[in-house]
Amino acid sequence: MNVEASPRSGNDTSVDSRPILVAKDVHRSFGGIRAVSVDHLEVERSSIVALIGPNGAGKTTFFNVLTGFEKPDGGSWFFEGNDLSGKPAYAIARAGMVRTFQSARVFPRLSVLDNVRLGAQEQRGERLGSALLRWTWSDQEKDLGERAAELVEWVGLGAKKDDLAGILSGGQRKLLELARAVMASPQLLMLDEPMAGVNPALRQALLDKIAELPGEGITVLFVEHDMDVVSAVADRVVCMAEGEIIASGTASEVAANEHVIEAYLGASSGDLRDSRADRGTAKASPAKASPAEDAESDETESDDDQ
Ligand SMILES: Nc1ncnc2c1ncn2[C@@H]1O[C@H](COP(=O)(O)OP(=O)(O)O)[C@@H](O)[C@H]1O
Ligand SMILES: [Mg+2]
């Protein structure tokens with residue numbers, strides 16, 4: 001891929017060690033339910049951070065708040081040092097924090113290529129920092145089209161570029177959404193369960209694409225409930241449960257964390273009872289307790305990110 005989005009690999013030789021995102025005391029409740037209560041989260045620049053946790057842990061709500069799709073009850077967050085707390089979604093995206101949705105959102109009556117091209121529309125040349133991205137220097141439609149075509153190829157949908165997005169499978173829509181999000185030239189790409197609904201054959205391809213992003217100057221924060229999925233690509237894993245961050249570290253550190261194991265076992269004890277007679281087996285590998293196993297080819301992932 002030729003993303004050309006990398007300030008760090010360009011002529012800027014200073015290594016910026018500041019975290020790209022810092023969130024403090026972010027809270028959100030629904031009625032009596034405390035969905036998010038995060039004291040502190042930092043995302044290191046040009047890294048891949050995975051936010052895991054059982055269903056209902058508050059991951060999507062936290063994403064929604066950070067990206068302006070949901071109002072917080074309190075808290076603040078700084079992106080590239082800029083206070084984005086409470087800013088509207090479009091302003092946050094324009095600042096370079098671009099998210100995808102747990103249920104991929106595509107324009108079904110537009111072609112795959114046009115869907116990707118639209119990723120650029122609102123941001124082209126408008127936001128601070130876009131000058132870092134060579135391709136945005138030009139705002140000619142031709143360049144956008146070329147760029148979109150390149151990204152469609154990159155996610156492996158080249159053969160379908162002229163097909164209507166509406167006929168894509170759920171997994172292909174996820175790939176399309178990834179291409180569209182990258183089209184927006186994010187500095188921080190936030191992916192909500194990019195693997196949900198993606199069939200196993202496409203999963204590895206999608207993970208490989210995600211793994212390429214930091215090398216292109218795109219930091220990744222992604223939500224996933226299956227710990228096994230994240231371990232191969234995440235530089236750091238952060239686990240949420242009941243709205244709080246309960247662990248942070250390498251994938252193996254977090255997998256071995258007793259609070260994490262408890263959270264996963266508690267959240268899916270029903271599944272465990274059915275599928276695992278031996279609790280010891282599940283304890284040794286908490287990610288196996290994740291409902292992700294059931295979600296592999298499930299296109300009807302609940303649309304809880306509205
Ligand atoms: N719009 C909403 N109204 C009421 N409760 C909500 C809403 N969105 C999320 N919740 C609740 O907040 C909690 C966290 O949900 P969510 O952020 O979707 O978790 P996750 O993404 O980790 O599965 C859950 O208890 C969920 O039912
Ligand atoms: Mg969610």
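Here are some questions and answers on how the labels for this predicted model are earned.

The model is predicted: local features need pLDDT of at least 70, side-chain atom pairs count only at pLDDT 80 or more, and totals for chains, interfaces and linings use all residues. Residues are numbered from 1 along each chain as its sequence is written, while chains are lettered from A and ligands numbered from 1 in the order in which they are written.

Q: What makes up the protein in terms of helices and strands?
A: The protein has 12 helices and 10 strands. Both are DSSP runs, numbered from the N terminus: a helix is H or I over at least four residues, and a strand is E over at least two.

Q: How do you know which parts of the model the predictor is unsure about?
A: Look at pLDDT, the predictor's confidence in each residue, from 0 to 100. The protein's mean is 80, and 75% of its residues reach 70 or more. Over residues 3–13, though, pLDDT stays under 50, and the model has 20 contacts for them beyond four places in sequence. A contact here means two C-beta atoms, placed from the backbone, within 7 Å. Residues 123–132 also have pLDDT below 50, with 18 contacts in the model beyond near neighbours in sequence.

Q: Why are β2 and β5 called edge strands?
A: Two strands pair if DSSP finds at least two bridges between them. In the open, antiparallel sheet ordered β2-β1-β4-β5, β2 (33–43) and β5 (82–83) each pair on one side only, and that is what earns the name.

Q: How do you know that β1 and β2 are paired?
A: Nine bridges join β1 (residues 21–30) to β2, and the two run antiparallel. Pairing takes at least two bridges, so they qualify. To see it in the model, find Ala23, which stands opposite Leu41 in β2.

Q: What makes β6 and β10 the edges of the six-stranded sheet?
A: That open sheet runs β6-β7-β8-β3-β9-β10, with mixed pairing. β6 (97–99) and β10 (244–249) each have a single partner strand, so one side of each is left without a neighbour in the sheet. Inside the same sheet order, β3 (residues 48–52) and β9 (residues 236–241) run parallel and are joined by four bridges. Leu51 stands opposite Val238 in β9.

Q: Why is α1 said to be largely enclosed?
A: A residue is buried if 20 or more other C-beta atoms lie within 10 Å of its own, exposed if 12 or fewer, and partly exposed in between, with C-beta atoms placed from the backbone. Eight of the eight residues of α1 are buried, so the rest of the structure largely encloses this helix. Lys59, Thr60 and Phe62 are among them. For comparison, 47% of the protein's 306 residues count as buried. Just after α1 comes Gly68, with a positive phi near 80 degrees.

Q: What makes a residue count as near ligand 1, and which ones come nearest?
A: Its C-beta atom, placed from the backbone, has to lie within 6 Å of the ligand. There are 12 residues around ligand 1, and Phe30, Ala35, Lys59, Thr60 and Thr61 come nearest. α1 (59–66) and β2 each supply at least two residues of the shell, with α1 giving the most, three.

Q: What makes the shell around ligand 1 four nonpolar, six polar and two charged?
A: The split follows residue type: Ala, Val, Leu, Ile, Met, Phe, Trp, Tyr, Cys and Pro count as nonpolar, Asp, Glu, Lys and Arg as charged, and the others, Gly among them, as polar.

Q: Is Ala165 buried or exposed, and how do you know?
A: Ala165 has 25 C-beta neighbours inside 10 Å; the cut-off is 20 or more, so buried it is. This residue is in the loop between α4 (141–154) and α5 (170–183). Leaving out residues up to four places away in sequence, Ala165 touches, among others, Phe107, Pro108 and Leu176.

Q: Why are Glu80 and Glu242 called partly exposed?
A: Glu80 has 19 C-beta neighbours inside 10 Å, so it counts as partly exposed. Glu242 has 18, so it gets that label too. Glu80 is in the loop between β4 (74–79) and β5, and Glu242 is in the loop between β9 and β10.

Q: What makes the phi of Glu80 worth a look?
A: Most residues other than glycine have a negative phi. Phi of Glu80 is positive, near 50 degrees, and phi of Glu242 is also positive, near 50 degrees.
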